[in-house]
Amino acid sequence: MRAIILSVLGFTIVGAAEAGNPPPGNDIVAVRIYNYAKVSDSAISRAAAFAKRVLALAGVDSEWVIQGKGGVEKNPAETGRRNLVMRIIPNRMIVQWATEPYQLGYSLISPETGTGYIGGVHYERIRDCASVWNVDRTLILGIVLAHEAGHLLLGAGSHSAHGIMSAPLEFEHIKLASHGSLHFTENQAKTIRDSLKNNHLRDLQLAQR
Ligand SMILES: [Zn+2]
């Protein structure tokens, strides 16, 4: 996700609307967060709660677990659930990457399969954006976590004109998010649910062999 700085406005962040319970029968998405940027656990928890709500509003249950600072990363394919890895990384870890300064996150999608499990967010860029826009940095962190998780769950080519998968990130999106109104589109939500259902069925078939 990239950001466009359009305007600088101050406003109060309000809590996002509480999400309803996802329908039963869906596979749970487990997201392990690896914090290399020394962000406080409480800030990550608030951001992860935002991302969890965005997924819940799409009917997708998820759990977001902080693995500690620079913890050993586990093999994402080690269980039957859909396991994602999200890295919160500082600039010093990406000095060799010639990415744009407003590139706020990334997701690694296989060109062969169109799927992936590993994403991340550039924390200092998020912090700088929050400072320019004068908004809560955990809100932008939450938006980018949800957006990159969306890429991993939707596969390649998953940007859209509206909603959480919009790109680049603009101030309008922050305003929507602050009111709990930055979501996956209905089509995106259905695509994620269907892909998780298929994933779940495949796991069951493999377990029965
Ligand atoms: Zn994107």
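A residue counts as buried if 20 or more other C-beta atoms lie within 10 Å of its own, and as exposed if 12 or fewer do. By this criterion seven of the eight residues of strand 3 are buried, so strand 3 is largely enclosed by the rest of the structure. The model in which this holds is a predicted one, and strand 3, residues 82-89, is a convenient place from which to read it.

The chain as a whole contains five helices and five strands. Starting at the N terminus, these elements follow one another in the order β-α-β-β-β-β-α-α-α-α. Of the 209 residues in the chain, 38% are buried. Contacts that span long stretches of sequence are well represented: among those between residues at least 6 apart, 76% join residues at least 24 apart.

Strand 3 pairs with two other strands. Strand 1 (29-35) runs parallel to strand 3 and is joined to it by seven bridges. Strand 5, comprising residues 118-122, also runs parallel to strand 3, with five bridges between the two. Individual residues show how these pairings are registered. Arg32 has Val85 of strand 3 as its bridge partner, and Ile33 stands opposite Met86 in strand 3. Met86 in turn stands opposite Gly119 in strand 5. Strand 1 is itself mostly covered, with five of its seven residues buried. In a regular strand, side chains alternate between the two faces of the sheet.

The largest nonpolar core has 52 residues, and within it Ala51, Leu145 and Ala149 touch the most other members. At least two residues of this core come from each of strand 1, helix 1 (41-57), strand 3, helix 2 (123-133), helix 3 (137-154), helix 4 (171-178) and helix 5 (186-208). Helix 3 makes the largest contribution, 11 residues. The surroundings of Ala51 can be listed directly: leaving aside residues up to four places away in sequence, Ala51 touches Trp64, Gly142, Leu145, Ala146 and Ala149.

Helix 3 also packs against helix 4. Their axes lie 11 Å apart and enclose an angle of about 100°. Because angles of 65 to 115 degrees count as roughly perpendicular, the two helices are therefore roughly perpendicular to each other. On the side of helix 3 the contact is formed by Leu139, Ile140 and Ile143, and on the side of helix 4 by His173, Ile174, Ala177 and Ser178. Sorted by class, this contact has five nonpolar residues, two polar residues and no charged residues.

Ile140, in helix 3, merits a separate look. Ile140 counts as buried because 27 C-beta neighbours lie inside 10 Å. Apart from residues up to four places away in sequence, Ile140 touches Ile126, Cys129, Ala130, Val135 and Ile174. Ile140 and Phe50 are separated by 90 residues in sequence, yet their C-alpha atoms are 9.6 Å apart in space.

The loops hold several further points of interest. Gly59 lies in the loop between helix 1 and strand 2 (62-69). Gly59 has 18 other C-beta atoms within 10 Å and is therefore partly exposed. The C-alpha atom of Gly59 is 8.9 Å from that of Ile192, although the two residues are 133 apart along the chain.

The remaining loop features concern backbone geometry. Most residues other than glycine have a negative phi, and most peptide bonds are trans. Lys38, which is not a glycine, has a positive phi of about 55°. Lys38 lies in the loop between strand 1 and helix 1, and Lys38 counts as exposed because it has 10 C-beta neighbours inside 10 Å. Asn134 is likewise not a glycine and has a positive phi of about 60°. The position of Asn134 is in the loop between helix 2 and helix 3. With 10 other C-beta atoms within 10 Å, Asn134 is exposed. Finally, the peptide bond joining Ala167 and Pro168 is cis, with omega of about 0°. Pro168 belongs to the loop between helix 3 and helix 4.

Definitions and conventions
Residues numbered from 1 in each chain as written. Predicted model: local features only at pLDDT ≥ 70, side-chain atom pairs only at ≥ 80, totals over all residues. Core = buried A, V, L, I, M, F, W, Y, C linked by C-beta atoms within 7 Å. Helix = DSSP H or I, 4+ residues; strand = E, 2+ residues; numbered from the N terminus. Contact = placed C-beta atoms within 7 Å. Pairing = 2+ DSSP bridges. Axes fitted to C-alpha atoms, helices over the stretch in contact; angles between N-to-C directions. Parallel < 35°, antiparallel > 145°, perpendicular 65-115°, else oblique. Nonpolar A, V, L, I, M, F, W, Y, C, P; charged D, E, K, R; others polar.
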